[in-house]
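Hello,

Here is the structure I promised to pass on to you. Have a look at it first, and then read on for what turned up.

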Amino acid sequence: MGEPGQVRGGVVDAHCHAASRRFIPRSFVDGGIRNIVAMHEALGVPAHRERLVDRAMENLEDHDCDELVRQMDEAGIEWTVLLLPDFTYCLRDCELTIAEMFELHGRILERHAGRFQVMAGVDPRWGQDALVLFERGLKEYGFRGLKLYPPCGYRADDRLLYPFYELCAEWNVPVLLHMGPTASNLSFEDARPGFVDEPARLFPAVNFILAHAATAYVDECAMLCAFRPNVYADVSGFQEGSRNPGGQGLSHLLRFGPAHKLLFGTDWPVFREDARQAGHLELFLGTAREVLAGPSLKLVMRENAVRLFLPRGPRPSRPDLTGSAGWAGLPK
Ligand SMILES: [Zn+2]
């Protein structure tokens, strides 16, 4: 358990998840693996779907994020934003209730003081219970934002979400929305950036972050970032070769999206089999350094996240993370 000052990297990873099956249900993992099975079958390779799902689930045992912190230390990542999607409304095989998942994320914050911020997920169709729970997350656990997962079957402009956006305005915390395709048993069409336009206009005090903008609707995300003062985007998922061949989506986003709106993110644990966090950071910097000058790179690697997540709401219960580590230590 390190204090932020012990890590000199200064990088912020703005998009990760706790690698634990307590928060990620089997049906979600299975929905992703069906595409691998389809590919194997096409290639005439025997595909064992259940076995692949078993193996993926066995990898989801970092319940307290200790392994993630080890890899952050190794990579020079000072702090990370943990996103907790609420799958409990649409996927009914979750191990825990969303309230239990909130509590466990509160404990992760305590265990690794200064190393995480949490954006908490609630499915708006849980109604008033979800609103009460989300506010408790902000007040009692010190969470710093709302994570929405439209592929579960709702859109960013759904009126059910407006009370949540009002709460985010009151607490001065951002909203992050998954964009584009995901597990094959969920809806893709609901997760389009266009649905964020109206809430971004109606809630100018709330910052909206479009996730996976280097691989899904890259031009639309860059356009919204350029013209809506309160719309941001993260690059998580840039490692996925099929949707970002040769880093093209990423370099396109970095060229056309304004640097003061873009956030570095790895989407741990999705790509943990491919490389350690240090490797993903290097991969990103390889492309980013070709496109961005030093000051712009600093914005993307750290400063935009500090502006968005710096505790400034009423009764901030998390330690102040600014000024604890210099930019100078960013791995070369
Ligand atoms: Zn993610």
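A word on terms before the loops come up: helices (H or I, at least four residues) and strands (E, at least two) are DSSP runs, numbered from the N terminus. Please also keep in mind that this is a predicted model.

With that in hand, Asp267 can be placed in the loop between strand 8 and helix 10. Its phi is near 65 degrees, a positive value in a residue other than glycine. Asp267 is also one of the residues that hold the zinc ion: the coordinating atoms are NE2 of His15, NE2 of His17 and OD of Asp267, at 2.0 to 2.2 Å. Along the chain, the donors follow the spacing H-x1-H-x249-D.

Are these donors buried or exposed? Buried means under 20% relative accessible area. His15 has 1% and is therefore buried, His17 counts as buried at 11%, and Asp267 is buried at 8%.

The loop that holds Asp267 has another feature. Trp268 and Pro269 are joined by a cis peptide bond, with omega at about 5 degrees. Pro269 is found between strand 8 (262–263) and helix 10 (277–291).

Trp268 leads on to Gln71, a residue of helix 3 (residues 66–75). Leaving aside residues up to four places away in sequence, Gln71 touches Trp268, Arg276 and Gln277. The side chain of Gln71 also makes a polar contact with the side chain of Glu67, at 2.8 Å. With a relative accessibility of 4%, Gln71 counts as buried.

Now for the part you may want to open in your own tools. The largest pocket has a volume of about 1400 Å³. It is lined by 42 residues, and the closest to its centre are Phe28, Gly32, Ile36, Val270 and Phe271. Which helix gives the largest share of this lining? That is helix 1, with seven residues. Helix 1 (26–42) and helix 2 (49–58) each supply at least two residues. Sorted by class, the lining of the largest pocket has 19 nonpolar, 15 polar and eight charged residues.

One last backbone detail concerns Asn172, in the loop between helix 6 (162–171) and strand 5 (175–178). Asn172 is not a glycine, yet it has a positive phi of about 55 degrees. At 24% relative accessibility, Asn172 counts as partly exposed.

Happy browsing, and best wishes!

Key
Residues numbered from 1 in each chain as written. Predicted model: local features only at pLDDT ≥ 70, side-chain atom pairs only at ≥ 80, totals over all residues. Heavy atoms only, no water. 1 Å grid on protein atoms, 1.4 Å probe; cavity = no way out; pocket = protein on both sides within 12 Å on 5 of 7 lines; lining within 4 Å. Points joined across faces, edges and corners; volume = space filled by probe spheres on them. Nonpolar A, V, L, I, M, F, W, Y, C, P; charged D, E, K, R; others polar. Donors = N, O, S within 2.8 Å, 3.2 Å for Na, K, Ca; no water. Buried < 20%, exposed > 50% of the residue type's maximum accessible area, 1.4 Å probe, protein only. Polar contact = N/O pair within 3.5 Å; in protein donor to acceptor, adjacent residues only side chain to side chain. Contact = heavy atoms within 4.5 Å.
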